[in-house]
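Colleague: Got a minute to go through this model with me? I'd like the main points on contacts and surface.

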Amino acid sequence: MLGTTVLIPTSLVPQMGGGNEEKAKMIQTLLFVAGVNTLFQTLFGTCLPAVIGGSYSYVPTTISIILAGRYSDIVNPQEKFEKIMRGIQGALIVASTLQIVVGFSGLWRNVARFLTPLSAVPLVALSGFGLYEFGFPVLAKCIEIGLPQIILLLIFSQYIPHIIHGERHVFDRFAVIFSVVIVWIYAHLLTVSGAYKNTGPKTQISCRTDRAGIIGAAPWIRVPYPFQWGAPSFDAGEAFAMMAASFVALVESTGAFIAVSRYASATPLPPSILSRGIGWQGVGILFSGIFGTGNGSSVSVENAGLLALTRVGSRRVVQISAGFMIFFSILGQFQMAISLSLFLSLSHVFACILDQENLELCSLQFHPQLLLLYIVFSLHMWVQRVSACFNSVI
């Protein structure tokens, strides 16, 4: 989830007119609200080990608000950032009513009754495949770091557990931590050795470990609070557009809830419980609008894939993680150091594992051939961006 927590503000804040300080505050707020929403979801919603965080479903609508004509005449970047953020807050507050009404009224329960395992597989698969579009462009910006990360993650999670047999399942459960630590040290060695000294600015920003600029701009201690950017502003067109994005996130979260239920070895998710979880997710979107995260909330598809990877489906673990999210969001610079140490290109790896594991819903067992299938699909998407000839052949 840290991938979306860092990537979404990194892409949106410069367009809004903000700098590194605003970017750091937005990341802190997004992580704080994610921790609060995750606690509410695990305690009062579906009671599944589902993490609630930012979603790419809201990004297109947010960009349309950023490019709205009523903000084009503002010259001061700080003022422009705050006014755009207030407009996004108002749109999120209005859009939250959709999921609150649909969820708590039981309307979504009637829809969920028609979701059989066979129909749920495409829904969950498409939720995961959507991350490929965001993961691979980030990986391609620094292939010498992103590719070793993927290879190490696959080795730790898929091969070493079959070679080294143990009762504690250390390598498959902590594959992400092992691979991230190793590759981060490798990236830092490349940085200090001067490997990127003569490269372009974009390469240095993507590959070096000392060019983010967010750690220095983040305050040491800061508690996010409601309406920290000012009173929200409301516009009918922006609100209806955000409601459409909220409906997309609703469908995406439905597939992610089904996936989380499967990975946690829970009983099939009852439609009434699913509808209640959607209602509490609407409350999470309301919190996002009140606190000013700049993005709505939905079930983290990356963390659903992480459940499949680590096979740790404990709700208590997710609740403790939510507590850590709230705690570290207050400690600004320390939290930024942890967030930026995780490579954003991990998102599509978790999506790959998520889609692969969901094939078991149709009584397909895990095979290395399935993993190879997704690797080939991923390479196709990457090559498709740089080769028109290859695209024509496909």
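Modeller: Sure, one term before we start. Buried means under 20% relative accessible area, exposed means over 50%, and partly exposed is in between, with a 1.4 Å probe and protein chains only. This is a predicted model, so local features need pLDDT of at least 70, side-chain atom pairs count only at pLDDT 80 or more, and totals for chains, interfaces and linings use all residues. Residues are numbered from 1 along each chain as its sequence is written, and side-chain values use heavy atoms, with hydrogens and water left out.

Colleague: Fine. How many helices and strands does the protein have?

Modeller: The protein has 20 helices and two strands. Those are DSSP runs, numbered from the N terminus: helices are H or I with at least four residues, strands are E with at least two.

Colleague: What share of the residues is buried?

Modeller: Buried residues are 51% of the 394 in the protein. The protein exposes about 17500 Å², and carbon and sulfur atoms supply 68% of that. Areas come from the Shrake-Rupley method with a 1.4 Å probe; for residues, only the protein chains shown count as cover.

Colleague: And the contacts between residues at least 6 apart in sequence: what percentage join residues at least 24 apart?

Modeller: 82% of them do. Contact here means heavy atoms within 4.5 Å.

Colleague: Salt bridges next. How many does a search of the whole structure find?

Modeller: Four. The criterion is a side-chain nitrogen of Lys or Arg within 4 Å of a carboxyl oxygen of Asp or Glu.

Colleague: Which residue does Lys25 pair with?

Modeller: Glu21, with the closest N and O atoms 3.5 Å apart. The two are four residues apart in helix H2 (residues 20-44), about one helical turn. Lys25 is partly exposed at 21% relative accessible area. Glu21 is partly exposed too, at 41%.

Colleague: What about Glu79 and Lys83, where do they lie?

Modeller: Both lie in helix H4, four residues apart, about one turn of the helix. Their side chains form a salt bridge at 3.6 Å, N to O. Glu79 is partly exposed at 35%, and Lys83 is partly exposed at 34%.

Colleague: And which residue does Arg70 meet in a salt bridge?

Modeller: Glu238, at 2.8 Å, N to O. That pair links distant parts of the chain, 168 residues apart: Arg70 is in the loop between helix H3 (59-66) and helix H4 (77-104), while Glu238 is in helix H13 (residues 236-263). Arg70 is partly exposed at 39%. Glu238 is buried at 7%.

Colleague: Switching to the surface. Which residues make the nonpolar patch?

Modeller: Val170, Phe174, Ile177, Val181, Trp184, Ile185, Leu189 and Val192, covering about 720 Å². Patch residues have over 30% relative accessible area and no salt bridge; like charges are joined within 9 Å, and nonpolar side chains (Val, Leu, Ile, Met, Phe, Trp, Tyr) within 5 Å.

Colleague: Which helix gives the most to it?

Modeller: Helix H10 (residues 175-192), with six residues. Val170 lies in helix H9 (residues 170-173) and is partly exposed at 35%.

Colleague: Helix H10 also holds Val176. Is Val176 buried or exposed?

Modeller: Val176 is buried, at 15%. Its C-alpha atom is 8.6 Å from that of Thr310, 134 residues away along the chain.

Colleague: Back to helix H2, where Thr38 lies. What does Thr38 touch?

Modeller: Leaving out residues up to four places away in sequence, Thr38 touches Ala50, Val51, Ile52, Val318, Ala322 and Met325. Thr38 counts as buried, at 0% relative accessibility. The Thr38 side chain reaches the backbone oxygen of Ala34 at 2.7 Å.

Colleague: Last topic, aromatics. How many aromatic pairs does the structure hold?

Modeller: Eleven. Rings of Phe, Tyr and Trp (its six-membered ring) pair if their centres lie within 6.5 Å; planes under 30 degrees apart are stacked, over 60 edge-to-face, the rest tilted. Phe40 and Phe287 form a tilted pair, 5.8 Å centre to centre with 45° between the planes. They link distant parts of the chain, 247 residues apart: Phe40 in helix H2, Phe287 in helix H14 (residues 271-291).

Colleague: Which residues form the aromatic cluster with Phe40?

Modeller: Phe44, Phe104, Trp280 and Phe287 join Phe40 in one cluster. Phe40 counts as partly exposed, at 27% relative accessibility.

How values were computed:
A polar contact is a pair of N or O atoms within 3.5 Å; within protein, one must be able to donate a hydrogen and the other to accept it, and residues adjacent in sequence count only if both atoms are side-chain atoms.
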